[in-house]
Structures are given as C-alpha cells and as structure tokens.
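Load the model in your viewer and keep the sequence panel open. The tour below goes from one selection to the next and says what is there.

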Amino acid sequence: MSELRKTHYRSCHLCEAICGIAIETEGDRIVSIKGDKDDPFSRGHICPKATAIQDLYTDPDRLTKPIRRVGDEWQEISWDEAFELVAEKMVAIQDVNGPNSIGFFAGNPGVHNYGTMTHGSELRRAIGTDNHFSATSLDQLPHMLVGHLMYGHQYLVPVADIDHTNFMLIIGGNPLASNGSMMTVPDVKNRLKGIQDRGGKFVVIDPRRTETAAIADEHHFIRPGSDAFLLMAMIQTVFAEDLVNLGPMAGHIDGLEAVRAAAEGFTPELAAEQTGISADVIRDLARTMATTEGAAAYGRMGVSTQVFGTLCQWAIQVLNIITGNMDVPGGIMVPTPAFGNVTPGTRGAGYFATKQSRVSGLPIFSGEFPAVALAEEINTPGEGQIKGLFTIAANPALSAPNGGELNKAFEGLDFMVSIDLYLNETTRFADVILPPTSPLEHDHYDISFNRLAVRNITRYNAPVFDPPAGTKHDWEIMIGLAAAIAKRKGQDYKPQPAPHVLLDQGIQYGPYGKATGAAMELTLEKLKDHPHGIDLGPLQPSMPERLSGPAKLDLDLMLDDLKRLMDSRQALKDGELLLIGRRHVRSNNSWMHNSTRLIKGPARWHLMMHPSDMAARDIKDGARVGIASRVGEVETLVVASEDVMPGVVSLPHGWGHQTKGVKLAVASEQEGVNCNILTDDKLFDPVSGNAALNGVPVTVRQCA
Ligand SMILES: Nc1nc2c(c(=O)[nH]1)N[C@H]1C(S)=C(S)[C@@H](COP(=O)(O)OP(=O)(O)OC[C@H]3O[C@@H](n4cnc5c(=O)[nH]c(N)nc54)[C@H](O)[C@@H]3O)O[C@H]1N2
Ligand SMILES: Nc1nc2c(c(=O)[nH]1)N[C@H]1C(S)=C(S)[C@@H](COP(=O)(O)OP(=O)(O)OC[C@H]3O[C@@H](n4cnc5c(=O)[nH]c(N)nc54)[C@H](O)[C@@H]3O)O[C@H]1N2
Ligand code: SF4
Ligand SMILES: [Mo]
C-alpha cells in the first residue's frame, strides 16, 4: 500500500531567485516538484532546474558516506575515523609548517545552505589560518567592497526596485538565464515585462545579444572590459548637463565635487571610441537615468568579473546617487531582511587590505584573499606555503582561473579534504571526502538572498525527508572536524547552538522580531506557521538611518583607479578576440550536469563566434577549433552566431567532466571543456583582486 502523499513547501536552493516550490512526496519518493502558486514572492514561477532537485536526491553518484583514498582506491570509513584522520594530518602539517600552511576554499552552494554559514567559522577557527579563499572573488567581491567602502558595510548592497522602476539599465547581467544575481528576483521575465507594461523600458548592455537583451527595449553591444568608460561618460554627462539631483541622499554624501572633477575627461566621445556604443546613445542613457521618475542601473558578472570590476560597481552606485535614484521607490534600495538586517554598528562591516597575500601581495577582504592567488600560494615554496587544503562545496578545478595551474597545485598538496556531495574534478584530488546530507534532508533559510531580494520576504522550510541514519549535515561535519582538531591541539571547544537556534535569535532581534518590540512579533516558531513564507512588503527607503556616516563618493582608491582607466585607452585592435562566459537556464555552474533531465536537448557548451571573425580565420560553422590564451589551450566545437559582437567569443564555464577519476556517469559523457583552462590568474581587477573571467584575450583556429 502506498504511503501517504504529502506536499512540502520549500525555497529552491539552487540559485539566487529562491523560488517557492511545492514538493509532493510519497514515503521517501518525490512524486513531483512544481512552482508554489501561493508563494507571495515567486508566484508559482520555477525554472527547469527545480525539477532536477529530484535527480540530485536520487543520483546514484551522490556520495553518502565518508571515503578516504588508499592508493588508487576509495574506501569507506566511519565519521569518527575520518575526523581523527583529518585532524591528525592537518595539525601535523601546521606543526611543521606554521598555521598558514592550511588553506580553505569555499564555494557557491555554501551560501544556499544556512548551516554552513552559521557554523563554517567553527572549523575555520579551529584551524586558525589566514589563507581563506572563496567564490566571492570570482564573483561579487566588487559589490561587497563598494558597499563596505561607500556605505560602511559589506552587506549594504542596494538592489534595483524592479517592481516599481520605470527605467532599468542592465549592464553585464543576463537574468533570463541566471534568474538574477545580487538581486534576488524570481519570475524575472514577468517582472521585466511589468516595467514595459507600465510604460517604462529596460536596456541591456552586453557583448552578446542575450535572452534578456532579446526582450529588452534596447540592446547595445559593448566591447568587453570597457564598461567603466561608458559609466564614467554617463556620470560626466549628468554633471555637464546640470542634471545632478541627489534626491534623498542630499546632505548624506561626501565628495560630489571631487567626482565631478574626476569625471571631466571621460566624455561620451571617448567612451564611444572605447566601447563601441555611440556618444548619442550614451548621452541619451544618462538623460533617461536622470529624468525618469524611478530609474535603476544594475551591473552584474559582466562588470564585476573584469579588470575594472570595482570601478564599475562604484560608478554604478555614483550614477544611481547623482540621478536621484538611490533610496527611492523605483530606484535602488537596501532590503530590510528579517535576519541579518544591517544598521549602524552591525557586526561584520568588513575590512579591507589589512593584510596582503604572501606571493603577490593581493589585499585581504573580510578574512579572505582573492582566489586568483590560490594556485601560487600552493605552488610557491617558502614560509606560509599552503600544503593542506579544505574545499567546502566548491569545485575550483573547474570554476577558478588558470585551471591548468590549479590542477597541478591540487596534485602537489600534502593533504586535502573536501566536504562535498560528489567525487568530481576537484574532490578527486582529496585524501578524504566528507559528504553531507542532501539539501532536502535539512531545514532551510535564505540568510544571504533575503538580504538582496527585490521584495522583503521571509521563509523557513523544515526538512522534506529525515536524514538517513549515520549521515551528517554540512554544519555537523564542521563541528565534528572542529572538535577533533581542537582536541588534537589541546584546546577547549564548545560548539555554538544548532543553526535553527541562532536563526531564531537573529529573527527575534531583527526588524520584525519579538525581542525588538516590532508589531509582527516574529519568531521562528511563528514563521513555521507560514509554509509559503511571509510577505514583508515592498522595499522601503531607509537612508540615512542605515549609514554610520555620509556615503563616500570620492574614494581615493576609485579616483586613483580612474587614472588606470584613462591609461588603458586603446585603439580597437584588428583581429583581437576577447573571451566572455555564458550561462544557460538548464545548467548551474559546474555541478548539475549529472542530471539527464537537465542535460537533454542541444549541446550548450560550444564556442559562439561571429561569422565575420570565422570568415577571417577560415573557420567553418560546426568545426572543431583550438582556443588559446596566455595560460592554456582547449579544443571544442564552434557555432557561428551573430548574437555575439564581432571580436568576442563566448564559452560557458563549469564544463570539462571527462576527467579521469570523477564519478559523474552522466556528466562525463558530455563533451564540453573547462573554459577556465583559458582564463588567466594574472588577469584580475587590481583594486579588489577579483578575477577577470570576462574579456580574456584569446586566439581561435580551426583544427586540422
Ligand atoms: N569562466 C568563468 N568561471 C566562473 C564563472 C564565470 O562566469 N565564468 N562564475 C564564477 C562564479 S559567479 C561562481 S559563484 C563560481 C562557482 O564555482 P564554485 O563555488 O566552485 O561552485 P560550483 O561550481 O557550483 O561547485 C559546487 C560544488 O559544491 C558541491 N555541492 C553542491 N551542493 C552542496 C552542499 O549542499 N553541500 C556541500 N558540501 N557541497 C555541495 C558540488 O558537488 C560542487 O562540487 O564559478 C565561478 N567561475
Ligand atoms: N541557470 C543558471 N543560473 C545561474 C548560474 C548558472 O550557472 N546557471 N549561476 C549563478 C551564479 S553563481 C551567479 S554569480 C549568477 C550570475 O548572474 P549574471 O551575472 O546575470 O550571469 P551571466 O549570465 O554570467 O551574465 C553576465 C553577462 O555579462 C556579459 N558580459 C561579459 N563580459 C562583459 C563585459 O565586459 N561587459 C558587459 N557589459 N557585459 C559582459 C555576458 O555576455 C553575460 O550575458 O547566476 C546565478 N544563476
Ligand atoms: S530560478 Fe533558481 S530558484 Fe527558481 S526554480 Fe530555477 S533554480 Fe530554483
Ligand atoms: Mo556566482
């Protein structure tokens, strides 16, 4: 007899859109996964990845027990043996080589897993090293650095009020494929259409005519890496045409005149030459930003992960501020989440450049060094060389630049431990793999993404399934390791309370919380009574209360960097090819290619190239091509497309699973290659150290 059918409401943990999903189960079987129509935020929307959650859950390749490498084999071991072994090896490395000889690399799924966020510090503290790295510096570091430097806190990151804006400028983001990033926005297509339905418009600036560009009112190609010229020219126009309006920020900013002076030389004519966008269009965009009631400029991966990443994100803030769009409905605002709301004095404001990485002297940001420094920190001998490594929910072998060098580095480590669900391109180098429970086997709360959501909401989800006996959650693995390491070091260790206890405290002391006397009297218990979540309303103006002082426009770092920008002027080089990335709605970074359901359909890993660039090199459509950069070379198939700008080629990241030693039956059958063999660890934004994964110079030739 079949067991009772149940419907569980939950947030999808796969991407930043955090859509509400309804998972129907029968016993330990998933019957269906659909969009939750009663979810106040996502309104029933989902994408194909949500249904693949069941593939992840039932994937025979998913690891469920700790394993250790013995020669060329993997053997199961008990949790206690695993914790003891890791503690013994890692502490021994530190005893001989000093505390910094252990490194950490934390990856993207950790941010979608609140236990990792509340308890990751336990393990880090037990080890006690300076050498932390994460996907942050392959991604949104410039946003956080600008929040920290301009507004005084790394989490003061305003988001576009997409539901009320009348003009949105999207620079280097493709939310129709990525579903929004640093802007949690489920059902983004309808929300963008909503702008058009109320008579507004949105414009996309991108070297590729993306899915988002295809439905935009305007799309302009831009030469990769040149966005800072465009943004500065828009700022220059606002000053030159006397359009400055500080709106609610008047009286709460410093440094307007210095920015005016610094912007002077960045004319639309100069920007036109550098970007390929005409001066008229640039002036028009600036005027529209300044004269539309409720306008928002938003920039994402294309402008963060490039050599002027921080400058671009700073210029976007300046542009929003001087056009009166900071902290107004329809402009950009800082959300007010139920947990982790930032007000003056909130801990974790961030710190910058208080230390430098050992080999290249790259700046620390809030406890971590840029990921571009990881390979050299492992490969360069000397005091502080990394000899032992933890990877946590990360696949840097595929996701970090100069993959060739990094793979060599992993091979040379004395000991490596991976907390991960799969034996993949990175974890195959580990000595011990510690697999956590599947996401459906633990509770869920979006600490990070409620902070970036285009509407204030809060949801808590109970586990869908009980964790199988003898399994551990990510956070339990972390405290297990921390305890074993502390014991071996002869230190006292007492773990923090469980994640849900910390969550409850944070909610109770948050802006809607019972302990702060808010009318809603929110507690975790109360939230549990709302399976679809609680709608906390649209974004609200909240300045200057959120600031500890005036917002600082004239940051020395940025004004200095404008000189680097000016010096970077270059004539468009004949025959130059710049590599950019590409995301697809049926793929998710490097780890969801093992789902047959997602992978089916046409190949999505090919190189896209403009027909004129192909003709110039005698390359046939569909041919096998060799792509080479300063650091590496790969071969793949090329597809001709007028959707990429001439001079630009596009290759998605996260592929390259045909590697020996991985246990990914479906993914390894796929032909895509690792594009990060081509990206360069010496190509980065020197201000933040963030990787420049876009705008990488390459050559392409047809294979014989
Ligand atoms: N060229 C190029 N490179 C890029 C990018 C790009 O646009 N272009 N994008 C960059 C960006 S934005 C990011 S965020 C990074 C992402 O790169 P990474 O942070 O390395 O993340 P993923 O590739 O998503 O790999 C996630 C790993 O976590 C494991 N995992 C999944 N769920 C869990 C879990 O619940 N617990 C644990 N312990 N493990 C889990 C998976 O098996 C996988 O090994 O890639 C970056 N790399
Ligand atoms: N389906 C799916 N969704 C995802 C992910 C995924 O892998 N798949 N990854 C998640 C993660 S970790 C992140 S960080 C987000 C990223 O979210 P987005 O930033 O929206 O993602 P991308 O599709 O990488 O968009 C970057 C865009 O920048 C363009 N671009 C490249 N170089 C330049 C440049 O120099 N200037 C300008 N103006 N544009 C440029 C690219 O053509 C691309 O369209 O997506 C998240 N959501
Ligand atoms: S858009 Fe993102 S959060 Fe929504 S269903 Fe797809 S993967 Fe999940
Ligand atoms: Mo990311």
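Where is the place of Pro544? Select Pro544 and look at its surroundings: the residue is in the loop between β21 (534-538) and β22 (551-552). Now add Met543 to the selection. A cis peptide bond joins Met543 and Pro544, with omega about 0°. Keep in mind during the tour that this is a predicted model.

**Whole chain**

Zoom out and colour by secondary structure. The protein has 23 helices and 28 strands. Its radius of gyration is 25 Å, close to the 27 Å that the globule rule gives for 704 residues, so the protein is as compact as a globular protein of that length. The C-alpha trace spans about 70 × 70 × 55 Å along its principal axes. If you colour by accessibility instead, buried residues make up 62% of the 704 residues.

**Ligand 3**

Select ligand 3 next. Ligand 3 sits in the second largest cavity. Show the residues around it as sticks: Cys12, Leu14, Cys15, Ala17, Ile18, Cys19, Ile46, Cys47, Lys49, Ala50 and Asn179 surround this ligand. By class, this shell has nine nonpolar residues, one polar and one charged.

Stay with one of the surrounding residues, Ile18. Ile18 lies in the loop between β1 (5-11) and β2 (20-26). Its relative accessible area is 1%, so Ile18 is buried. Check its backbone as well: Ile18 has a positive phi of about 40° although it is not a glycine.

**A second positive phi**

Go to Ala353. Phi of this residue is near 60°, a positive value in a residue other than glycine. Ala353 is placed in strand β15 (residues 352-356). With 32% relative accessibility, Ala353 counts as partly exposed.

**Salt bridges**

How many salt bridges does the count come to? The count comes to 31 salt bridges. Three pairs and one network are visited here.

Begin with Asp61 and Lys663, whose side chains meet in a salt bridge at 3.9 Å, N to O. Asp61 lies in the loop between α2 (53-58) and β4 (67-70), and Lys663 in the loop between β27 (648-650) and β28 (696-702), so the pair ties together parts that are 602 residues apart in sequence. Switch on the surface for these two. Asp61 counts as buried at 10% relative accessibility, whereas Lys663, at 34%, counts as partly exposed.

Move to Asp139 and Arg300. Their side chains meet in a salt bridge with an N to O distance of 2.7 Å. This pair links distant parts of the chain, 161 residues apart: Asp139 is in the loop between β7 (132-134) and α5 (141-151), and Arg300 in the loop between β13 (295-299) and α13 (301-304). Both Asp139 and Arg300 are buried.

Then select Lys201 and Glu218. Lys201 forms a salt bridge with Glu218, and the closest N and O atoms are 3.1 Å apart. Lys201 is in strand β10 (residues 201-205) and Glu218 in strand β11 (residues 218-220), 17 residues apart. Lys201 is partly exposed, with a relative accessible area of 25%; Glu218 counts as partly exposed too, at 22% relative accessibility.

For the network, select Arg5, Glu24, Glu26 and Arg29 together. Salt bridges that share partners join these four residues into one network.

**Distances along and across the chain**

Use the distance tool on C-alpha atoms for the remaining stops.

Ala616 is in helix α23 (residues 611-616), and at 65% relative accessibility Ala616 counts as exposed. Draw a line from its C-alpha atom to that of Gly575: the two are separated by 8.4 Å, and they are 41 residues apart along the chain.

Val631 is found in the loop between β25 (624-628) and β26 (633-640). At 25% relative accessibility, Val631 counts as partly exposed. From Val631 to Ile677 the C-alpha distance is 7.2 Å, while the two residues are 46 apart in sequence.

The last stop is Ala375, in helix α15 (residues 374-379). Is Ala375 buried or exposed? At 5% relative accessibility, Ala375 counts as buried. Ala375 and Gly120 are 255 residues apart in sequence and, C-alpha to C-alpha, 23 Å apart in space.

Key:
Residues are numbered from 1 along each chain as its sequence is written. Chains are lettered from A and ligands numbered from 1 in the order in which they are written. This is a predicted model: local features need pLDDT of at least 70, side-chain atom pairs count only at pLDDT 80 or more; totals for chains, interfaces and linings use all residues. Side-chain values use heavy atoms; hydrogens and water are left out. A residue is near a molecule or strand if one of its heavy atoms lies within 4 Å of it. On a 1 Å grid over the protein atoms alone, a cavity is a set of points where a 1.4 Å probe fits but cannot get out, and a pocket is an open set with protein on both sides within 12 Å along at least five of seven lines; lining residues have an atom within 4 Å of a point. A molecule sits in a cavity or pocket if more than half of its atoms lie within 2 Å of its grid points. Ala, Val, Leu, Ile, Met, Phe, Trp, Tyr, Cys and Pro count as nonpolar, Asp, Glu, Lys and Arg as charged, and the others, Gly among them, as polar. Helices (H or I, at least four residues) and strands (E, at least two) are DSSP runs, numbered from the N terminus. Buried means under 20% relative accessible area, exposed over 50%, partly exposed in between (1.4 Å probe, protein chains only). The radius of gyration is taken over C-alpha atoms; the globule rule is 2.2 Å times the number of residues to the power 0.38.
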